[in-house]
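Trainee: I would like to go through this model with you. Can we take it one question at a time?

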Amino acid sequence: MDPISAGKEILAGLKRAGVNLIPTLPDINLFELLSLVEQDREVVHVPLCREEEGIGICAGGYLVGKKGALIMQNGGLYNSTNGIVSTLLQYQIPVLLLIYYAGDIGDRNFSSTGAMTEPVLKGLGIRYYILRSPDDAGECLQRGQIHTEDSRLPVAVLLTREALGHRPPVRM
């Protein structure tokens, strides 16, 4: 599947899950998905300067009845841990975190970043799921949204290159 079709699957899955507020940060690996989110008129898109801003926006949105999903890369997860702990976890605010999994298996460009992603999520006590195919996006995102709402805690979905319609960068 190509990146535009993959982005459409992911966005459709978010909308089927009831997500209607999506803060994002620019990222080349998420370009097609972010472009689709920006153009969609059924969701409120909020461009960010820093990932932690998205935590506050999603928390505020939740307080007025919105369902938020923050899209960022795993470096952004590391930047936003203070907001996640002091806001989402402390006040039990459900937010779906869609995180580009830079440094996933086979990605030599960000191996250190990738190596820390799952341990950081585990350390924060955040359940996470790895999305490897855009064909599974709808079901994975709906289930993630159900879990975040029922637990009143953030849930992360790690988006691999394949899930975004890109081939894995394997170099020998």
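The turns below cover salt bridges, nonpolar cores, one helix pair and one buried residue.

Trainee: What kind of model is this, and how many salt bridges does it hold?

Mentor: This is a predicted model. Side chains of opposite charge can pair when their charged atoms come close. The cut-off is 4 Å from a Lys or Arg side-chain nitrogen to a carboxyl oxygen of Asp or Glu. By this rule the count is five salt bridges.

Trainee: The side chains of K15 and E42 meet in a salt bridge. How many residues apart in sequence are the parts that this pair ties together?

Mentor: The N to O distance for K15 and E42 is 3.4 Å. K15 sits in helix α1, while E42 sits in the loop between α2 and β2, so the pair joins parts that are 27 residues apart in sequence.

Trainee: Is E42 buried or exposed?

Mentor: The exposed class starts over 50% relative accessible area. K15 has 27%, so K15 is partly exposed. E42 has 61%, so this residue is exposed.

Trainee: Which residues are linked in a network of salt bridges?

Mentor: K15 already pairs with E42. D40 belongs to the network as well. The linked residues are K15, D40 and E42.

Trainee: Where do K67 and E149 lie, and how many residues apart are the parts they tie together?

Mentor: Their side chains form a salt bridge at 2.9 Å, N to O. K67 is in the loop between α3 and β3 and E149 is in helix α7, so the bridge ties together parts of the chain 82 residues apart in sequence.

Trainee: R132 and D104 also meet in a salt bridge. Which of the two counts as buried?

Mentor: The N to O distance is 2.6 Å. R132 lies in the loop between β5 and α7, and D104 in the loop between β4 and α6. R132 is partly exposed, at 39% relative accessible area. At 8%, under the 20% cut-off, the buried partner is D104.

Trainee: Which element gives the most to the largest nonpolar core?

Mentor: In soluble globular proteins, nonpolar side chains tend to be buried together. The largest core here has 26 residues, and those with the most contacts inside it include I10, L14 and L98. The elements giving two or more residues are α1, α2, β3, β4, α7 and β6. With four residues, the one that gives the most is α2.

Trainee: How many residues are in the second, separate core?

Mentor: C58, I84, V95 and Y101 are among its members. This second core has 21 residues.

Trainee: At what angle do α1 and α7 pack, and which residues of α7 make the contact?

Mentor: The axes lie 8 Å apart, at an angle of about 35°. The crossing is right-handed. The contact divides into four nonpolar, three polar and two charged residues. On α1 the residues are E9, I10, G13, L14 and R16; on α7 they are A137, G138, L141 and Q142.

Trainee: Which residues of α7 does I10 touch, then?

Mentor: Setting aside neighbours within four places in sequence, I10 contacts L33, L98, L131 and L159, among others. The list also includes two of the α7 residues in the helix contact. These are A137 and L141.

Trainee: What does T160 touch, and is this residue buried or exposed?

Mentor: T160 is in the segment after β6. Its relative accessibility is 0%, so T160 counts as buried. Beyond four places in sequence, T160 touches both partners of one salt bridge, R132 and D104. The full list is Y100, Y101, D104, I130, L131 and R132.

Methods
Residues numbered from 1 in each chain as written. Predicted model: local features only at pLDDT ≥ 70, side-chain atom pairs only at ≥ 80, totals over all residues. Heavy atoms only, no water. Buried < 20%, exposed > 50% of the residue type's maximum accessible area, 1.4 Å probe, protein only. Core = buried A, V, L, I, M, F, W, Y, C linked by side-chain atoms within 4.5 Å. Contact = heavy atoms within 4.5 Å. Axes fitted to C-alpha atoms, helices over the stretch in contact; angles between N-to-C directions. Left-handed = near helix turned anticlockwise from the far one by under 90°. Nonpolar A, V, L, I, M, F, W, Y, C, P; charged D, E, K, R; others polar.
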